[in-house]
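Reader: I want to go through this model by question and answer. Please give the cut-offs as the terms come up.

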Amino acid sequence: MSGQPEYAPGMEEFDAPASATGKRPCIALMGEFSAGKSTLSNLLLGAPALPVNVTATQLPPVWISQGHELPYAVGMDGGERDIHLEDLEAVSVADTNHIRIFHDAPRLAEFDLIDMPGISDPNMAADVWQRVIRHADIVIWCTHATQAWRQSEAAVWASLPPELHARSLLLLTRMDKILSDRDRARVIKRVESETRGLFNAVLPVSLVRALDAQEGSAAWDDSGAADLLIRIDALVAEVASGVAPRLLSQAAPQEQGAAPEPVAEAPAPRAEPARIVMPTRVRPRPLKS
Ligand SMILES: Nc1nc2c(ncn2[C@@H]2O[C@H](COP(=O)(O)OP(=O)(O)OP(=O)(O)O)[C@@H](O)[C@H]2O)c(=O)[nH]1
Ligand SMILES: [Mg+2]
C-alpha cells in the first residue's frame, strides 16, 4: 500500500457551487480499488466510457462530460495535450492531473462524472484523487458490501468537508455477493449506523445485475439501480438549484467503529441468480423540500 492519503482540508479551495456558476454539477466516483467505480460510470453512461482494453492500465482521474470533443490530458501545470484513448498507457499518472473525455450519453446533460482511481490502490500515489476532488459537487462513494466501510475509507471520508458529505451517496456494491436477505439487511443496518451523519443516503446495489437488466424492468428495480437513479436525480437537482441537501441524522457515538460482522459470501455466479429484494425500510425516502 502506498499509505493513507493525507488530504489537508483548506489546502485547496473547492470550486464555487454549481448553482453559483451555472456549470453542470460534477459527480466524483470514489472508493477503494475495484469497488465498482468504473462499472457505475458505464451504467450511468449506458456504454463503456473507455475502450475495454484499458481496464488494466493505471489511470489518473477521468473527467467525462457531454460532447464530441477529442480527449485530452491536463498536466500538473494545467497545460493540455491531445491523447488517444487507444494508447492510454502513454498517459503517465505522475505527470497527469486528469484526463478529459467526451461522450454523448443523455445523462451527461445533467451532470459531469469524474471516475477516480481507488483511494488505496497499491500502485497509485495517494494524492491522485486529491488533485481533482475540489471540482466535485457530489461524491458517490462505492464500497464492497462484503467488506463494507473499512477504516481506510472512513479516514479519507472524514478528511472531506461536511458540506460535501451532505450531498453524497454511499453505494454498497456487490450486494449480489451476499447470499441471504438476513445478511444483506445486517450489512445495510451496520453501515447505516456507522455512517449516520456522513452521507445523504446509503444505497445497496448490484452493478453487474443492473448492467444486465433492461432499464425499468423488475430486474433493474431489484438491482437497486432504480433507487440509485432517483436519488442521483434529486441530488443533482438540489445542487443545481442551490438547495442544501440534508444528511442522515448523526450517529450515536457508541455506534461508530463497530467491528464488521462476517457475512456469507456467494461462492460463484449462479445460472439463475436470486433476485435481490432490498428491505423496504432501506429504500431511499423522497427528500422533503
Ligand atoms: N458481482 C459484482 N461484481 C461487481 C459489481 N460491481 C463491480 N463488479 C466487478 O468488480 C470488478 C471491478 O469493478 P470496477 O468497476 O473496475 O472497479 P473500480 O472501482 O473502477 O476499480 P479501480 O478503478 O481499479 O479502483 C469488475 O470485474 C466488475 O465487474 C457488483 O455489484 N457485483
Ligand atoms: Mg476504475
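The exchange below covers conventions, fold, cores, ligand and two buried residues.

Author: This is a predicted model, in which local features need pLDDT of at least 70 and side-chain atom pairs count only at pLDDT 80 or more, while totals for chains, interfaces and linings use all residues. Residues are numbered from 1 along each chain as its sequence is written, chains are lettered from A and ligands numbered from 1 in the order in which they are written, and side-chain values use heavy atoms, with hydrogens and water left out.

Reader: How many helices and strands does the protein chain have?

Author: Helices (H or I, at least four residues) and strands (E, at least two) are DSSP runs, numbered from the N terminus. On that basis the protein chain has nine strands and eight helices.

Reader: In what order do the strands of the open sheet lie?

Author: Two strands pair if DSSP finds at least two bridges between them. The pairing in this open sheet is mixed, and its edge strands, each paired on one side only, are β4 (80-82) and β9 (201-204). The order of the nine strands is β4-β3-β5-β2-β6-β1-β7-β8-β9.

Reader: Which residue in β4 is the bridge partner of Tyr72?

Author: Strand β3 covers residues 72-75 and runs antiparallel to β4, with three bridges joining them. The β4 partner of Tyr72 is Asp82.

Reader: At what angle does helix α8 run to β8?

Author: Axes are lines fitted to C-alpha atoms, for helices over the stretch in contact (heavy atoms within 4.5 Å), and angles run from 0 to 180 degrees between N-to-C directions. Helix α8 (225-241) lies across β1, β7, β8 and β9. Its angle to β8 is about 160°.

Reader: Which element gives the most to the largest nonpolar core?

Author: A nonpolar core is a set of buried Ala, Val, Leu, Ile, Met, Phe, Trp, Tyr and Cys residues joined through side-chain atoms within 4.5 Å. The largest has 44 residues, of which Ile27, Leu40, Leu113 and Ile232 touch the most other members. With eight residues, the element that gives the most is α8.

Reader: How many residues are in the other core?

Author: This core lies apart from the largest one, and its members include Met30, Met116, Val191 and Phe199. The count is 29 residues.

Reader: How far is the polar side-chain atom of Lys37 from an oxygen atom of ligand 1?

Author: Lys37 is among those that come nearest of the 14 residues around ligand 1 (a heavy atom within 4 Å). A polar backbone atom of Gly36 is 2.9 Å from a ligand oxygen, and a backbone N or O atom of Leu207 is 2.7 Å from one. For the side chain of Lys37, the distance is 2.7 Å.

Reader: Why does Glu32 count as buried, and which side chain does it join in a polar contact of 2.5 Å?

Author: Glu32 is found in the loop between β1 and α2. Glu32 counts as buried because its relative accessible area is 10%, where buried means under 20%, exposed over 50% and partly exposed in between (1.4 Å probe, protein chains only). A polar contact is a pair of N or O atoms within 3.5 Å; within protein, one must be able to donate a hydrogen and the other to accept it, and residues adjacent in sequence count only if both atoms are side-chain atoms. At 2.5 Å, the partner side chain is that of Ser152.

Reader: Is Ser41 buried or exposed?

Author: Ser41 is found in helix α2. Beyond four places in sequence, its contacts are Leu29, Ala49, Ile64, Leu113 and Asp115. At 1% relative accessibility, Ser41 is buried.
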